Amino acid sequence: MTAGTTGAEEVSEAHGEWRGWREAAQEALYGPAGFYRAGPEGPAGHFRTSVHASPLFAAAVARLLCRVDQALGRPAPLAFVDMAAGRGELVTGVLASLPAAVSARTRAYAVEVAGRPEGLDHRIEWLAEPPRGVTGLLFANEWLDNVPVEVAEVDAAGVARRVLVRGDGTERLGEPVAGAEAAWLARWWPLPGDEGLRAEIGLPRDIAWASAVASLDAGLAVAADYAHTVGSRPPFGTLTGFRAGRETRPVPDGSCDITAHVALDACASAHAARCAPDRTPPDALVRPQREALRALGLTGVRPPLALASTDPAAYVRALTRASQAAELLAPGGLGDFGWLLQPVGAVDAAALLVDVADDEEQ
């Protein structure tokens, strides 16, 4: 920050500058006066994720960590890496949900650009980048949708051009998309020549995801996010903003979250492309969140009404749990999130999502 200026003044100075959405969003989200650095409440003050919706989500992730632990032969230490950790809500909940024997071997990491919150569990290491060479589970809940990307729009001549934006959200078309970005569009989000069609160029997310997965020596990396795949890309893109719990126009001035849905299929392919030519990477899976969470023991089934007569307190607890689970599983809501499960080493992602009545005590 320039001496004698405030963060707000710095953002104001940028309002007249035309930049690509990637650069503008990077500054607005992660710069000195950025959205993710402001306020003690962090992102939870502006939007509701699965982590904030219910402690059942952290408990399900803890169960997944136990399954990964068993698949790896119960290593010591066992890593849990919480990417884009916010204020540490997920990693705190996972630690609280682990069986004692697993917790004793678990080394927990929170990866976040903002500073460490006061009062965070001393067992959690707070890092700016994921630790390298660890074995266990890396979980990225709503991280990739906030990795800034360029936006492309088709002009009147049928040419895909980079969208430029000012700090007040005003847009105009820039130069034609070229090079690696054009190649990404051609493979993952081909745009017909109809004027006004838009796409978000997910190449930076592919690179970020492949790098995060590469931090694991063995285990599983999971990205849970708003998502789409190549057969169902939205014709006008998904770029949007969130402020104080409401969707709003995306304005890159640091006042709101800026997000776009993730091409998880492209991210999965990016990791495979980084593997050595003589190594075939284990198969990745993309599944709806409702399917993954059901396999990890969540159910939105209401308790029997008879329980209200025999044990009213237990009935209320079970009803609350069912209501929270239903929100996490809901079609049209959190249940529609995509989970990309990317195994590293001798881990079978599909086997980790086998629905069992009760996991083996670890």
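This passage describes the overall make-up of a predicted protein model and the empty spaces inside it.

The model is a prediction in which local features need a pLDDT of at least 70 and side-chain atom pairs count only at pLDDT 80 or more, whereas totals for chains, interfaces and linings use all residues. Residues are numbered from 1 along each chain as its sequence is written, and side-chain values use heavy atoms, with hydrogens and water left out.

The average pLDDT (the predictor's confidence in each residue, from 0 to 100) is 88 for the protein, and 88% of the residues score at least 70. Over residues 1-14, however, pLDDT stays under 50, and the model has 12 contacts (heavy atoms within 4.5 Å) beyond four places in sequence for this stretch. Where pLDDT is low, the predicted coordinates should not be read in detail.

The protein has 13 helices and 17 strands, taken as DSSP runs numbered from the N terminus (helices H or I, at least four residues; strands E, at least two). Of its 362 residues, 51% are buried, that is, under 20% relative accessible area with a 1.4 Å probe and protein chains only. Among contacts with a separation of 6 or more, 73% join residues 24 or more positions apart.

Empty space was examined on a 1 Å grid over the protein atoms alone, where a cavity is a set of points at which a 1.4 Å probe fits but cannot get out, a pocket is an open set with protein on both sides within 12 Å along at least five of seven lines, and lining residues have an atom within 4 Å of a point. The largest pocket holds about 760 Å³ of space, and of the 36 residues that line this pocket, Tyr30, Met83, Ala84, Val113 and Trp143 are the closest to its centre. The largest share of this lining, 5 residues, comes from α8, while the elements that supply at least two residues each include α2, α3 (50-53) and β2 (78-83).

There are 2 cavities of 30 Å³ or more. The largest cavity, with about 80 Å³ of space, is lined by 14 residues, of which Ala25, Pro148, Val149, Leu239 and Ile258 lie nearest its centre. Two or more residues of the lining of the largest cavity come from each of α2 (21-30) and β14 (257-259), and α2 gives the largest share, 3 residues. The second largest cavity has a volume of about 30 Å³, and its lining includes Trp184, Trp189, His228 and His261.

Conventions
Grid points are joined across faces, edges and corners, and a volume is the space filled by probe spheres set on the points. Buried means under 20% relative accessible area, exposed over 50%, partly exposed in between (1.4 Å probe, protein chains only).
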